[in-house]
Amino acid sequence: MEKIAKKISQLKEVIEHSTTTLIVLQDNPDPDALASAAALRKLVNTMGDIQCSFTSGGAVGRAENRALVKYLGLNLRPAEQVEFGSFDLIAMLDTQPGTGNNCLSADMEPDIVIDHHPCRKDTRHCRFTDIRSQYGATSTILTEYLFAAKIEPEPQVATALLYGIRSDTQDLGRDTTSADVDALMRLYPLANKRMLSQIQRGLVRREYYRFLSVALRDARIFGSTVISNLGEVDNPDMVSEMADLLLRDEQIEWSMCYGLCHDKIHLSIRTDAEMPPASKVIRHIVARRGVGGGHESYAGGQVPVEGLSKNQLARLTSSLERAFLRQVEPSHVHSSGKKLTAS
Ligand SMILES: [Mn+2]
């Protein structure tokens with residue numbers, strides 16, 4: 001507890017004399033990022049008279065995430081409408097400078113970085129950092145801050161944090177520590193359970209079923225690995241959602257889905273194998289071609305494809321698939337796979 005009390009007084013010092021803070025989230029933010037943003041707003045609003053704004057590159061796609069944004073009343077502004085230099089402070093949550101998955105330009109340094117991804121070189125220079133890569137969620141860190149500062153989160157924030165932890169750890173089933181379990185148990189009595197269920201069963205857009213059908217039709221099996229190319233998608237959240245879904249096949253240990261959105265290939269990989277870590281696998285796949293990162297059992301990456309011809313694009317995706325198979329299913333590198341849904 002001592003360490004966290006020190007962190008809180010450090011944070012107080014950093015925000016002293018500031019009146020505006022811009023909270024930068026990863027592109028296409030997930031529930032963990034959204035909940036952390038609402039919790040940080042709560043924390044700094046209690047510490048001082050600070051106006052918080054929120055931004056991220058890319059839209060919020062997944063139904064659950066859109067429901068959460070609405071419930072939290074987060075006014076998430078598109079990065080292109082934000083004057084980054086006009087804020088006293090910049091905070092970054094659930095992502096870090098230089099990862100390539102957020103909209104803060106490389107020449108700007110955030111003042112505050114709180115995250116549970118492995119610490120990056122550029123993060124070390126920032127004024128306030130709290131990186132706990134062993135934690136299952138950034139929401140767990142923010143939950144600890146709130147309770148240590150003796151702030152009881154209102155039902156909206158408690159519900160969001162609870163959902164953030166549950167979704168990043170898949171109900172405490174992946175990449176979890178006892179800190180995540182403790183945070184979840186403290187939040188549970190404060191959360192709105194009816195709202196939680198509504199968020200989880202968020203309404204989907206009609207196109208959802210079309211993308212689902214494409215993902216299933218393209219899914220190919222290589223041993224205990226599945227790969228699916230979703231083609232063009234209207235939001236990258238679809239890619240991670242399908243990667244989650246395909247991993248549920250009882251015979252599958254690794255899944256990779258990818259899709260094209262705004263001149264980038266978005267990749268998601270998932271695993272329930274012990275080794276190698278998904279974050280390492282994604283970095284091998286995108287090496288020198290794009291950016292990627294993540295955790296032990298889930299990771300994501302992006303590869304820019306602007307200006308590529310159709311043939312070049314096909315060659316690139318096939319090379320990405322082979323790079324993946326080389327690491328997790330080497331005996332199938334030269335196979336074209338077996339259709340998942342072939343009858
Ligand atoms: Mn997270």
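Start your tour by selecting R120, K121, K280 and R283, which together form a positive surface patch. A patch here takes residues with over 30% relative accessible area and no salt bridge, joining like charges within 9 Å and nonpolar side chains (Val, Leu, Ile, Met, Phe, Trp, Tyr) within 5 Å. Lys and Arg count as positive and Asp and Glu as negative, with His and the chain ends not counted. Each charge is placed at NZ of Lys, CZ of Arg, CG of Asp or CD of Glu.

Before moving on, keep in mind that this is a predicted model, in which local features need pLDDT of at least 70 and side-chain atom pairs count only at pLDDT 80 or more, while totals for chains, interfaces and linings use all residues. Residues are numbered from 1 along each chain as its sequence is written, and side-chain values use heavy atoms, with hydrogens and water left out.

Now center on K121 in that patch. You will find K121 in the loop between strand 5 (112–115) and strand 6 (128–131); helices (H or I, at least four residues) and strands (E, at least two) are DSSP runs, numbered from the N terminus. K121 counts as exposed because its relative accessibility is 64%. The cut-offs are under 20% relative accessible area for buried, over 50% for exposed, and partly exposed in between (1.4 Å probe, protein chains only). The areas themselves come from the Shrake-Rupley method.

**Salt bridges**

Next, turn on the charged side chains: the whole structure holds 13 salt bridges, each defined as a side-chain nitrogen of Lys or Arg within 4 Å of a carboxyl oxygen of Asp or Glu.

Select E154 and K42, a salt bridge whose closest N and O atoms are 3.1 Å apart. E154 sits in the loop between helix 4 (138–148) and helix 5 (155–168) and K42 in helix 2 (residues 31–47), so this pair ties together parts that are 112 residues apart in sequence. E154 is partly exposed at 31% relative accessible area, and K42 is partly exposed at 23%.

Then jump to R62, which pairs with E241 at 3.8 Å between the closest N and O atoms. Because R62 lies in the loop between strand 2 (51–56) and helix 3 (63–72) and E241 in helix 9 (residues 237–247), this salt bridge ties together parts 179 residues apart in sequence. Are R62 and E241 buried or exposed? Both are buried.

Stay on R62 and add D244, another salt-bridge partner, with the closest N and O atoms 3.6 Å apart. D244 also belongs to helix 9, so its pairing with R62 ties together parts that are 182 residues apart in sequence. D244 is buried, as is R62. Extend the selection to E64 and R270 to see one network, in which salt bridges that share partners join R62, E64, E241, D244 and R270.

**Cysteines**

How many disulfides does the structure hold? There are 0, taking a disulfide as a pair of cysteine sulfur atoms within 2.5 Å. Select C52, for which the nearest cysteine sulfur, that of C103, is 16 Å away. C52 counts as buried, with 10% relative accessibility. C261 is in no disulfide either, and its nearest cysteine sulfur, that of C257, is 15 Å away. C261 is buried too, at 4% relative accessible area.

**Two buried stops**

Select L40 in helix 2, a residue that counts as buried at 1% relative accessibility. Measure across to A137 if you like: the C-alpha atoms of L40 and A137 are separated by 14 Å, while the two residues are 97 apart along the chain.

Go on to S255 in strand 9 (residues 254–261). S255 is buried, with a relative accessible area of 0%. From S255 to M242 the C-alpha distance is 9.1 Å, and 13 residues separate the pair in sequence.

**Backbone details**

For the last stretch, switch to the backbone. Zoom in on M275 and P276, where the peptide bond is cis with omega near -15°. P276 is placed in the loop between strand 10 (264–271) and helix 10 (278–286).

Q170 is not a glycine, yet it has a positive phi of about 45°. Look for Q170 in the loop between helix 5 and helix 6 (178–187), where it is partly exposed with a relative accessible area of 41%.

Finish at D263, also not a glycine, with a positive phi of about 60°. D263 lies in the loop between strand 9 and strand 10 and is partly exposed at 41% relative accessible area.

Note on methods: Accessible areas come from the Shrake-Rupley method with a 1.4 Å probe; for residues, only the protein chains shown count as cover.
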